[in-house]
Amino acid sequence: MFMKEKPSDHLVEILSLQDLFDPFRQDVAGRYHFGEEAQEPETIPKTHLVFLSGESLPQCWLDPHYRDHELPTKG
């Protein structure tokens, strides 16, 4: 899957979709696509990634506690 890195606007090939979807992982392995030769894989923070359309990643991919507010409270 290809994503875009916000700070550099470079195209990034995500090497592990499982890591991208896992909210407990803060980084993913990716390979930048620029120049004519394949780049070496690098660790990229998920917070730096957006979809090619510019849309942000869903919260469920970034925050393992994104639904904690829905849990019943004791009281």
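Which residue does arginine 67 meet in a salt bridge? Its partner is glutamate 70, with N and O lying 2.9 Å apart. The structure you are looking at is a predicted model, and this short tour visits its charged pairs, its nonpolar core and its aromatic rings.

## Charged pairs

Side chains of opposite charge can pair when their charged atoms come close. Across the whole structure, a search finds three salt bridges. In the bridge we began with, arginine 67 is partly exposed at 47% relative accessibility, and glutamate 70 is partly exposed at 47% as well.

Another bridge joins lysine 4 to aspartate 9, where the closest N and O atoms are 3.6 Å apart. Aspartate 9 has a relative accessibility of 52%, so it counts as exposed.

## Aspartate 19 and its surroundings

Aspartate 19 sits in helix H1 and forms a salt bridge with arginine 25, at 3.7 Å from N to O. Is aspartate 19 buried or exposed? Aspartate 19 is buried, because its relative accessible area is 19% and the limit for that label is under 20%. Arginine 25, on the other side of the bridge, is partly exposed at 38%.

If we set aside residues up to four places away in sequence, aspartate 19 touches Arg25, Val28 and Lys46. Arg25 is thus both a contact and the salt-bridge partner.

## The nonpolar core

In soluble globular proteins, nonpolar side chains tend to be buried together. Here the largest nonpolar core has 10 residues: Met3, Val12, Ile14, Leu20, Val28, Tyr32, Ile44, Leu49, Leu57 and Trp61. Strand S2 (11-14) and strand S3 (27-33) each supply at least two residues of this core.

Leucine 49 is a good place to pause. Not counting neighbours within four places in sequence, leucine 49 is in contact with Met3, Lys4, Glu5, Val12, Ile14, Leu20, Val28, Ile44 and Leu57. Lys4 in that list is also the lysine that bridges to aspartate 9, while Val28 is a contact of leucine 49 and of aspartate 19.

## Aromatic rings

A pair of aromatic rings is described by the distance of the centres and the angle of the planes. The count of aromatic pairs comes to three. In one of them, the ring centres of tyrosine 32 and phenylalanine 34 are 6.1 Å apart and the planes meet at 55 degrees, so this pair is tilted. Tyrosine 32, a member of the core, is buried at 11% relative accessibility, whereas phenylalanine 34 is partly exposed at 39%.

Phenylalanine 51 and tryptophan 61 also form a tilted pair, with centres 5.8 Å apart and planes at 55 degrees. Phenylalanine 51 lies in the loop between strand S5 (49-50) and helix H2 (59-62), and tryptophan 61 lies in helix H2, so the pair ties together parts that are 10 residues apart in sequence. Tryptophan 61 is buried, with a relative accessible area of 15%, and belongs to the nonpolar core.

## From the rings to the surface

Where does phenylalanine 21 lie? Phenylalanine 21 is found in helix H1 (residues 17-21), the helix that also holds aspartate 19. Ring pairs link Phe21 with Phe51 and Trp61 into a cluster.

Phenylalanine 21 is partly exposed, with a relative accessible area of 35%. Together with Met1 and Leu17, Phe21 forms a nonpolar patch on the surface, and the three have about 250 Å² of accessible area together. Phe21 therefore takes part in the ring cluster while being partly exposed.

Note on methods:
Residues are numbered from 1 along each chain as its sequence is written. This is a predicted model: local features need pLDDT of at least 70, side-chain atom pairs count only at pLDDT 80 or more; totals for chains, interfaces and linings use all residues. Side-chain values use heavy atoms; hydrogens and water are left out. Patches are made of residues with over 30% relative accessible area and no salt bridge: like charges are joined within 9 Å, nonpolar side chains (Val, Leu, Ile, Met, Phe, Trp, Tyr) within 5 Å. Accessible areas come from the Shrake-Rupley method with a 1.4 Å probe; for residues, only the protein chains shown count as cover. A salt bridge is a side-chain nitrogen of Lys or Arg within 4 Å of a carboxyl oxygen of Asp or Glu. Helices (H or I, at least four residues) and strands (E, at least two) are DSSP runs, numbered from the N terminus. Buried means under 20% relative accessible area, exposed over 50%, partly exposed in between (1.4 Å probe, protein chains only). Rings of Phe, Tyr and Trp (its six-membered ring) pair if their centres lie within 6.5 Å; planes under 30 degrees apart count as stacked, over 60 as edge-to-face and the rest as tilted. Contact means heavy atoms within 4.5 Å. A nonpolar core is a set of buried Ala, Val, Leu, Ile, Met, Phe, Trp, Tyr and Cys residues joined through side-chain atoms within 4.5 Å.
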